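Please open the model in your viewer and keep the sequence panel beside it, since each stop on this tour begins with a selection.

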Amino acid sequence: MKELKEIKQLIGNELDRLNAVIDKVLTSDNELMNSIVSTYLQTKGKQLRPMLVLLSAKMLGDINDHVITAGAAIEILHNASLIHDDVIDDSKQRRGASTINGVWKNHVAVLVGDFFVSRALTCAVATGDQDILKVLATLGSDLSLGEIDQYNTARRHIISEDAYFDIIGKKTASLFTSCVEVGGMAAGVKGDRLNSIKEFARLLGLCFQIKDDTFDYFHNPVVGKPTGNDLREGKVTLPLIYALSLADRPEREHMLSLINQAEYTDADITCLLEWAKDCGGIDYAYRKMHELCQHAESMLDEYGDNASTRALKTIFHYIIDREK
C-alpha cells in the first residue's frame, strides 16, 4: 500500500475533490437512502479507478472540474456494479464490511445500485461532453455483457484462454479503459492520442482480473473469499485453463470429467485447484501478467517520462504484487 499512498500524495487534493463530488451527488432527500449510502461510502477501497482518471488527465493535460466530475461518474458506476454483483453472488461482506444486501436484503440493494447508476449518469451529463456520456453508456453495456458471457461460458463448459480473455476484457478491462478515456477527454484530448493510454489501461485491467482470480487457489484471510469460490460458480480461470491445455497430462481427462459435472463437491474443487497448481498454472498466470506489464509499459513511451507515467507504471506493478 506504500506505493498507492505515494501516488495519492501526487493527486491527493484532486482525489479529495472527487470524493466530495461523489458525496454530494449521492445525497438525496430520502433519509433511508442517505443512511445506506453514508455507511457504504465509509469503506472506499483503493480507488484505483478514479486515480486512473486523474493520472491520465494530468499526463495529457490538466485536472479541471470536468475531470473531477467525470472521475466521480466512473467511480459511482463502478460501485453500482459492485452492489449488483454482491446481490448476484449473495455476498455478505466486501472490504471487510457488511454488504448492502447482507444488511437490507436484495430488494433494497438492487434499488440502491440503480440509484448509483442514475447518479453516475447525472455526473456524466454535468460534464457537458456527449462523448463522455457515450463512454459511460458503452461501459455499462460491456460490464453486463461480460457477466452474461461468463455465465454462458460456464453453463456450456467452454474452456479456452481466448474465451477467458474475451470475458475479462469486457467485465474488468473495459472499466479501466473507460477511466483513462474519460480522463483524457475531460482534459481536452480526444482521438488517436488516447489509443496508447487506452491500451495500457486495457492490459492493466486484464492483469487485475488475472491476479484476482489467482486468489481463488489459496486460503487467504486477507482476501476474505473462500477458496474455490469461482469454481463453485462454474468459472474456470487462467491457472486451471492452462493446466487443462496440457494434453500430455494423464490426469487431464479425469479433471475434465470433474469440471463437466453439474455440481462440484468440496473434494472435487480441492482436487482441481491442487492439480492446477501442480501443473504450473499459477506460475503461468504470473508469466502472463509480467508479459502484459512489459507490453503496457511500452505503451506509455509516447507520453514521456514524468510523474504521471511513473505513477501509472507503479500501479501496474502494485496490481501484480498485491495481496488482496
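At what angle do helix α4 (residues 48-60) and α15 pack, and how far apart are their axes? Select both helices in this predicted model, and look along the pair: the angle is about 155 degrees, and the axes of α4 and α15 lie 9 Å apart. Angles over 145 degrees count as roughly antiparallel, and α4 and α15 are therefore roughly antiparallel to each other. The crossing of these two helices, α4 and α15, is left-handed.

Now show the side chains where the two helices touch. On the α4 side, select Leu 48, Met 51, Leu 52, Leu 55, Lys 58 and Met 59, which meet Ser 308, Thr 309, Ala 311, Leu 312, Ile 315 and Ile 319 in α15. Sorted by class, this contact of α4 with α15 has nine nonpolar, two polar and one charged residues.

Keep α15 (residues 307-321) on screen and add α9, whose axis comes within 9 Å of that of α15 and crosses it at roughly 15 degrees. Because angles under 35 degrees count as roughly parallel, α9 is described as roughly parallel to α15. Here too the handedness can be stated, for α9 passes α15 in a left-handed crossing.

For the residues of this second contact, select Ile 197, Phe 200, Leu 203, Leu 204, Cys 207, Phe 208 and Lys 211 in α9, and then their partners in α15, namely Leu 312, Lys 313, Ile 315, Phe 316, Ile 319, Ile 320 and Asp 321. By class, the contact of α9 with α15 has 11 nonpolar, no polar and three charged residues. Leu 312, Ile 315 and Ile 319 of α15 appear in the contact with α4, and they are also listed in the contact with α9.

Next, display α9 on its own and follow the helix from end to end. Its 20 residues reach 29 Å from the first C-alpha to the last, close to the 28 Å expected at 1.5 Å a residue. When the rest of the model is switched back on, α9 proves to be largely enclosed by the rest of the structure, because 15 of its 20 residues are buried.

At the end of that helix, select Thr 214, which belongs to α9 (residues 195-214). Is Thr 214 buried or exposed? Thr 214 is buried, with a relative accessible area of 3%. Leaving aside residues up to four places away in sequence, Thr 214 touches Pro 239, Ile 282 and Ala 285.

Move on to two loop residues and inspect their backbones. In the loop between α3 (31-40) and α4, select Gln 47, which has a positive phi of about 60 degrees although it is not a glycine. Most residues other than glycine have a negative phi. Gln 47 counts as buried, at 9% relative accessibility.

The other backbone to inspect is that of Asp 90, in the loop between α5 (65-89) and β1 (93-94). Asp 90 has a positive phi of about 55 degrees and is not a glycine, and at 45% relative accessibility it counts as partly exposed.

For the last stop, select Leu 111 in helix α6 (residues 100-126), a residue that counts as partly exposed at 44% relative accessibility. Then add Met 33 and draw a distance between the two C-alpha atoms: Leu 111 and Met 33 are 78 residues apart along the chain, and their C-alpha atoms are separated by 9.5 Å.

Conventions: Residues numbered from 1 in each chain as written. Predicted model: local features only at pLDDT ≥ 70, side-chain atom pairs only at ≥ 80, totals over all residues. Heavy atoms only, no water. Helix = DSSP H or I, 4+ residues; strand = E, 2+ residues; numbered from the N terminus. Buried < 20%, exposed > 50% of the residue type's maximum accessible area, 1.4 Å probe, protein only. Contact = heavy atoms within 4.5 Å. Axes fitted to C-alpha atoms, helices over the stretch in contact; angles between N-to-C directions. Parallel < 35°, antiparallel > 145°, perpendicular 65-115°, else oblique. Left-handed = near helix turned anticlockwise from the far one by under 90°. Nonpolar A, V, L, I, M, F, W, Y, C, P; charged D, E, K, R; others polar. Expected span 1.5 Å × (residues − 1).
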